[in-house]
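Here is a walk through one model, helix by helix, with a few stops at the odd backbone spots. Keep the viewer open while you read.

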Amino acid sequence: MKLKQEYDIVIIGSGLGGLVAGNIFAKEGYSVCILEKNNQYGGNLQTFVREKTIFDTGVHYIGGLEEGQNMYQYFKYLDIIDDLKLKKLDKDGFDVITFGENDKEYRHAQGLDNFKATLLEEFPQEETAISAYCKKLQDTTSKFPLYCMKVGKPEYDDFNLFEESAKSYIDSITDNNTLKAVLAGTNLLYAGQGDKTPFYVHALSVDSYIKSAYRCLNGGSQISKFLIKRLFENGGHAFKHQEVTEITCEGKTAVSVKTNQGHIIKGKTFISNIEPKLTLDILKTDALRKSYIKRIKNIKSTIAAFSLHVVLKPNTFRYKNYNVYHYKSEDSVWSSQNYTKESWPESYMISMGPKTNNDIWADNFTALAYMNYDEVKPWEDTFNTVSHKNNRGQTYKEFKEEKTEQFIKELEKKFPDIRACIETVYTSTPLSYRDYIGSNRGSMYGYEKDVNFPLHSNVSARTKIENLFFTGQSTNMHGILGVTISGVLTCGEILGTEYLMKKVWESN
């Protein structure tokens, strides 16, 4: 495949949003080019292998994949649903919430009725609160048309959606502190903060998993693999090791991009699947208002993460067909981002990568905890990717070793025999996520949503450059479903949302 000099659609970055957009335009007969800086396509869909063990970078599980559900329908339209190899998580507890050194486990079950019934087993006096919560989930998600697979009144017309916090709503329906903590217990899915996070972010993050929850067998990179395959089948192009270093404009029109390999590619329409802040850094124009640039640059990113990627000794640690969300206490559910050096980690999530031939023993797990970017700031001038190796030095190695030991000690409180099961540990810091995913300050989930400033973090798919568009988690929601919708949202701005959704419906 040869890189041409001009395309109808030029897409910067091959994260899921860019892959979705590229496939949509290729299906519509446009000439499409996707430019990716890394050795792998897919952004957060990337996997890596250590000791013949596959680890996911960011895809730990996917919701809404039952036939007729939203993620299923989008993947059906993209013609990849039948190719994916998936494992359904435990229907009676796909997420398990635990607190402190208490052995008690609280389960989130699949299916709204089952979810409700399972909670009622633990909280039989709280039927009113649990029913109200379930109804609130449905009422809230119903106001987001593309989430519901329909064309309708834009959600931003209902301003009240953006002003109600998740914590304040959950606090309003019950006085039971344990139930409050359990309902909010998966907030590592969206980096929830008690004084900021809107309820709609909570609802859109958890609702699709309650509908159905699956893991990808042998890694989430199969999603990007099949999207690239379909792109090629429909005549689209994609190129790795082509980092876009400049977007050239004439007035308020983008005309070309330049890559680090010296290629100049012209286009009629450009879609940036890299973070808006990074897009502005490479955008060569004087046509943007300083107020617009300042607003984008000042949006706060969500917190970053430190991850342990653990290779386990054979037949030592049982596979868990669910995810574990653990907190040092019920009180830390909304506040564990505000840790101290001594108290870290105050919360963590554990997810396992299933294999097709073994349901009994796990061969790996990933444990993820919040980490502020400022902890790795001493090494922020170093970069480490497949194409650009940079030794961050002995102090960075010692920092990771110290954090690894601290994390494992915390895991031992919940799993006393875990250390004896560990073969090898690999780590990812906020710098790893910054370098490989391209997120600002290693942010896990793009830009922070804040009920106190509801419009501040809103980034439209349309930019102030007439033929340049954004897609990805910063223009909509994070996660596989949220970013897929962002791709559809961006393409709808160009093709027409009603026209595009008709195509999605027809494919199903």
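This is a predicted model, and the cysteines make a good place to start. The sulfur of Cys491 has its closest cysteine sulfur in Cys33, 15 Å away, too far for a bond. Look at it from the other end and the story repeats: for Cys33 the closest cysteine sulfur is that of Cys491, again at 15 Å and again too far. The disulfide count for the structure is 0. As for exposure, Cys33 is buried at a relative accessible area of 0%, and Cys491 is also buried, with 0% relative accessibility.

**Helices that meet**

Cys491 also turns up in a helix contact. Val488, Cys491, Gly492 and Leu495 of H14 meet Thr497, Tyr499, Leu500 and Met501 of H15. Helix H14 has another partner in H2, where Asn70, Met71, Tyr74 and Phe75 meet Ile480, Leu481, Thr484, Ile485 and Val488 of H14. Val488 of H14 is thus listed in the contact with H2 and in the one with H15.

Here are the axis values for the three helix pairs in this report.

| Helix pair | Axes come within | Crossing angle |
|---|---|---|
| H2 (residues 70-77) and H14 (residues 479-495) | 10 Å | roughly 50 degrees |
| H14 and H15 (residues 497-507) | 7 Å | roughly 125 degrees |
| H4 (residues 127-141) and H7 (residues 199-211) | 9 Å | roughly 100 degrees |

With axes crossing at roughly 100 degrees, H4 is roughly perpendicular to H7. On the H4 side the contact uses Tyr133, Lys136, Leu137, Thr140 and Thr141, while H7 brings in residues including Phe199, Tyr200, His202 and Ala203. H2 and H14, on the other hand, are oblique to each other, and H2 passes H14 in a left-handed crossing. H14 and H15 are oblique to each other too.

**Two helices, end to end**

How far does H11 reach from its first C-alpha to its last? Helix H11 runs over residues 394-414, 21 residues in all, and reaches 31 Å, close to the expected 30 Å. Helix H8 (residues 221-233) agrees with expectation as well: its 13 residues should span 18 Å, and its end C-alpha atoms are 18 Å apart. Among the buried residues of H8 are Ser221, Gln222, Phe226, Leu227 and Arg230. Just after H8 comes Gly235, with a positive phi of about 90 degrees.

The buried residues of H11 include Tyr396, Phe399, Phe407, Leu411 and also Lys403, Glu410 and Lys414. Lys403 is worth a click: this residue of H11 is buried, at 2% relative accessibility. Beyond the residues up to four places away in sequence, Lys403 touches Phe306, Trp344, Met371 and Glu375.

**Backbone oddities**

Trp344 has a second point of interest. Which kind of peptide bond joins Trp344 and Pro345? The bond is cis, with omega about -10 degrees. Pro345 sits in the loop between strands E16 (323-327) and E17 (347-351).

Most residues other than glycine have a negative phi, and most peptide bonds are trans. Against that background, have a look at Asp79, which is not a glycine but has a positive phi of about 65 degrees. Asp79 belongs to the loop between H2 and strand E6 (86-88) and is partly exposed, at 43% relative accessible area. Arg441 does something similar, with a positive phi of about 55 degrees and no glycine excuse. You'll find Arg441 in the loop between helix H13 (430-437) and E20, where Arg441 is partly exposed at 37%.

**Two more residues to click on**

Val182 lies in helix H6 (residues 177-183) and is buried, at 0% relative accessibility. Not counting residues up to four places away in sequence, Val182 touches Ile97, Phe99, Tyr106, His108, Leu119 and Phe123. Val182 and Glu330 are 148 residues apart along the chain, with their C-alpha atoms separated by 8.4 Å.

Then there's Gln473, in the loop between strand E20 (468-470) and H14. Is Gln473 buried or exposed? At 18% relative accessibility, Gln473 counts as buried, since the cut-off is under 20%. Setting aside neighbours within four places in sequence, Gln473 is in contact with Met444, Tyr445, Gly446, His478 and Val483. Between Gln473 and Asn391, 82 residues apart in sequence, the C-alpha to C-alpha distance is 30 Å.

Note on methods. Residues numbered from 1 in each chain as written. Predicted model: local features only at pLDDT ≥ 70, side-chain atom pairs only at ≥ 80, totals over all residues. Heavy atoms only, no water. Helix = DSSP H or I, 4+ residues; strand = E, 2+ residues; numbered from the N terminus. Expected span 1.5 Å × (residues − 1). Buried < 20%, exposed > 50% of the residue type's maximum accessible area, 1.4 Å probe, protein only. Disulfide = S-S within 2.5 Å. Axes fitted to C-alpha atoms, helices over the stretch in contact; angles between N-to-C directions. Parallel < 35°, antiparallel > 145°, perpendicular 65-115°, else oblique. Left-handed = near helix turned anticlockwise from the far one by under 90°. Contact = heavy atoms within 4.5 Å.
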